[in-house]
Amino acid sequence: MEIFKIKREERVVAAIVLVCLVALNVMAIAGNHFELFTRCGKLGYWSLFWNHYIVSGFDCYSYIILSHWRPLFVAYRHPLLSLMLWPLSQLNNWLMGITGHNCAIFIVAFFLVGLMFYSFLFIRRTLREVIGLQGPDATLLTVFLYTFSHIVLTAIVPDHFALSMFILTLTLYVAGRDLQKGRLMKGWKVALYYFLASGATLTNGVKIFLANWFVNGRKAWHWRNLLFTFGLPTLVLLGCYLFQEQGIVAEEMQKRQHIVEEKMKKDSTFAARMKQQKRHNNVKMNEGKYLDSTYDDIPLMPTLVENVFGESIQLHDRYLLKDVGRNRPVFVGYSHWWNYVAEAIIVLLFLAGIWMGRRERFLWLCLSWLAFDATIHLVLGFAIIEPYIMTAHWAFIMPLAMAYLFRTACGKRLWALRTVFLLLTVYLITYNGYWLIKFFC
């Protein structure tokens with residue numbers, strides 16, 4: 001548990017970050033249907049939250065589950081999430097009985113602050129202890145990351161990305177220290193990280209395996225390591241999936257189907273929309289294009305410019321935080337030329353950092369994670385219509401790569417780098433801050 005203690009040199013920065021994260025969540029809670037979302041009693045919590053909570057493409061399942069426990073997360077993608085939230089739903093039910101208010105938004109905010117707070121510390125420690133930056137430079141690069149639009153949103157939306165970011169940054173920090181000291185990653189740590197990361201989002205497990213492979217080398221492929229470090233946790237996750245899918249989810253789907261059928265009888269407009277959606281899905285299945293949120297007809301260059309390195313870092317002022325599944329086009333352009341200039345500078349600094357650190361094993365570990373994300377999203381097309389909501393899965397690699405620019409610079413060149421990153425950080429705080437305040441307040 002030593003890893004969670006605040007070090008002496010971190011205390012001032014940690015205190016400021018904690019205050020900022022709390023303030024962001026207060027803003028998000030107070031400005032997003034506060035009175036409506038704190039109602040409790042015999043209510044339709046699904047309609048209450050789903051119809052009113054629209055922040056980009058993020059889900060509000062956590063609010064619904066804590067209000068009235070239901071296995072809403074897709075079990076084969078997120079085998080542990082609904083189960084993790086069960087104790088919190090019991091806590092919320094107890095609090096509702098005492099206070100007369102739904103406390104789901106407060107409980108979620110508490111955990112979001114904690115997860116993003118420690119993610120900040122793990123990234124800063126990685127920059128400081130693994131890559132070897134000076135304290136102020138490590139702080140500057142971490143703050144720079146936390147000004148990215150969808151990193152800020154990860155800290156305030158009730159989705160699962162903050163949990164993923166916490167586990168992934170923790171794993172990178174531990175793996176980086178082990179690489180630096182030439183020691184093996186302990187099997188129980190890898191198994192724990194793999195279990196939690198895969199339980200939050202199944203694809204995270206690949207990244208934990210890659211970290212184990214980069215640190216432990218050929219020993220990562222030993223049958224005992226594969227069996228006890230990955231095999232047993234996978235069996236437990238499979239058991240959690242089957243428990244939900246064959247028991248709770250089956251019952252839940254029957255209830256949903258009954259509700260849909262009853263509503264179709266009473267609402268002709270809803271019935272027509274459901275029939276149209278069914279025909280659309282059948283067409284995609286017949287054409288071989290239907291694979292749960294995958295798309296193969298989205299152009300790559302606009303995706304990279306407007307969404308991956310665009311919306312993920314700078315919000316678009318048009319269709320501000322609209323949901324592409326409801327009322328936002330897949331591609332939205334910026335209204336001003338300077339947004340593209342800032343994006344180009346950031347991407348060039350990222351590429352320059354990769355070049356400067358190209359011989360570093362730790363950076364290759366980071367890039368293997370990035371390559372995996374690029375494969376599932378840009379090549380296979382999973383969730384490619386809104387890749388920015390996955391920013392928390394990969395964006396922390398950008399400052400880690402950029403850090404190699406700082407490590408190889410000195411004198412005027414180092415001060416020039418500091419100036420550029422300080423200006424970019426101030427710009428992103430000002431720009432994204434303006435639009436976030438306008439949206440939530």
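Reader: In which helix does Thr 303 have its place?

Author: In this predicted model, Thr 303 is part of helix 14, which covers residues 300-311.

Reader: Is Thr 303 buried or exposed?

Author: The cut-off for a buried residue is a relative accessible area under 20%. Thr 303 has a value of 0% and is therefore buried.

Reader: What does the side chain of Thr 303 reach?

Author: The side chain reaches the backbone oxygen of Pro 299, at 2.7 Å. Setting aside neighbours within four places in sequence, Thr 303 is in contact with Ile 298, Val 308, Phe 331, Leu 378, Ile 384 and Pro 387.

Reader: Leu 378 appears among those contacts. Where does Leu 378 lie, and which residues does it touch?

Author: Leu 378 belongs to helix 16, residues 361-379. Not counting residues up to four places away in sequence, Leu 378 touches Leu 300, Thr 303, Leu 304, Val 308, Asp 373 and Ile 384. Val 308 and Ile 384 are thus found in the contact lists of both Thr 303 and Leu 378. Leu 378 counts as partly exposed because its relative accessibility is 28%, whereas Thr 303 is buried. As for distance, the C-alpha atoms of Leu 378 and Met 116 are separated by 26 Å, and the two residues are 262 apart along the chain.

Reader: How many residues of helix 17 are buried?

Author: Ten of the eleven residues of helix 17 (residues 397-407) are buried, and the helix is described as mostly covered. The buried residues are Ile 397, Met 398, Pro 399, Leu 400, Ala 401, Met 402, Ala 403, Tyr 404, Leu 405 and Phe 406.

Reader: How is empty space inside a structure to be read, and how many cavities of 30 Å³ or more are found here?

Author: Rolling a probe the size of a water molecule over the atoms shows where empty space is left. A search of the whole structure finds one cavity of 30 Å³ or more. The largest cavity has a volume of about 80 Å³.

Reader: Which residues line the largest cavity?

Author: The lining consists of Asn 25, Ala 28, Ile 29, Asn 32, Phe 37, Tyr 53, Tyr 63, Ile 105, Val 108, Ala 109, Leu 112 and Ile 156. By class, ten of these residues are nonpolar, two are polar and none is charged. Helix 1 (11-30) and helix 6 (104-131) each supply at least two of the lining residues, and helix 6 gives the largest share, with four.

Reader: What is the volume of the second largest pocket, and which residues are closest to its centre?

Author: The second largest pocket has a volume of about 550 Å³. It is lined by 21 residues, of which Cys 20, Leu 24, Tyr 146, Thr 147 and Ile 429 are the closest to its centre. Two or more lining residues come from each of helix 1, helix 7 (135-145), helix 8 (149-154) and helix 18 (411-440). Helix 1 gives the largest share, eight residues. The lining has 17 nonpolar and four polar residues, with no charged residue.

Reader: How many disulfides does the count give?

Author: A disulfide requires two cysteine sulfur atoms within 2.5 Å. The count comes to zero. For Cys 60, the closest cysteine sulfur is that of Cys 103, 18 Å away, and therefore too far for a bond. Cys 103 is in no disulfide either, as its nearest cysteine sulfur, in Cys 40, is 8.1 Å away.

Reader: Are Cys 60 and Cys 103 buried or exposed?

Author: Cys 60 counts as buried at 1% relative accessibility, and Cys 103 counts as buried at 10%.

Notes: Residues numbered from 1 in each chain as written. Predicted model: local features only at pLDDT ≥ 70, side-chain atom pairs only at ≥ 80, totals over all residues. Heavy atoms only, no water. Buried < 20%, exposed > 50% of the residue type's maximum accessible area, 1.4 Å probe, protein only. Polar contact = N/O pair within 3.5 Å; in protein donor to acceptor, adjacent residues only side chain to side chain. Contact = heavy atoms within 4.5 Å. 1 Å grid on protein atoms, 1.4 Å probe; cavity = no way out; pocket = protein on both sides within 12 Å on 5 of 7 lines; lining within 4 Å. Points joined across faces, edges and corners; volume = space filled by probe spheres on them. Nonpolar A, V, L, I, M, F, W, Y, C, P; charged D, E, K, R; others polar.
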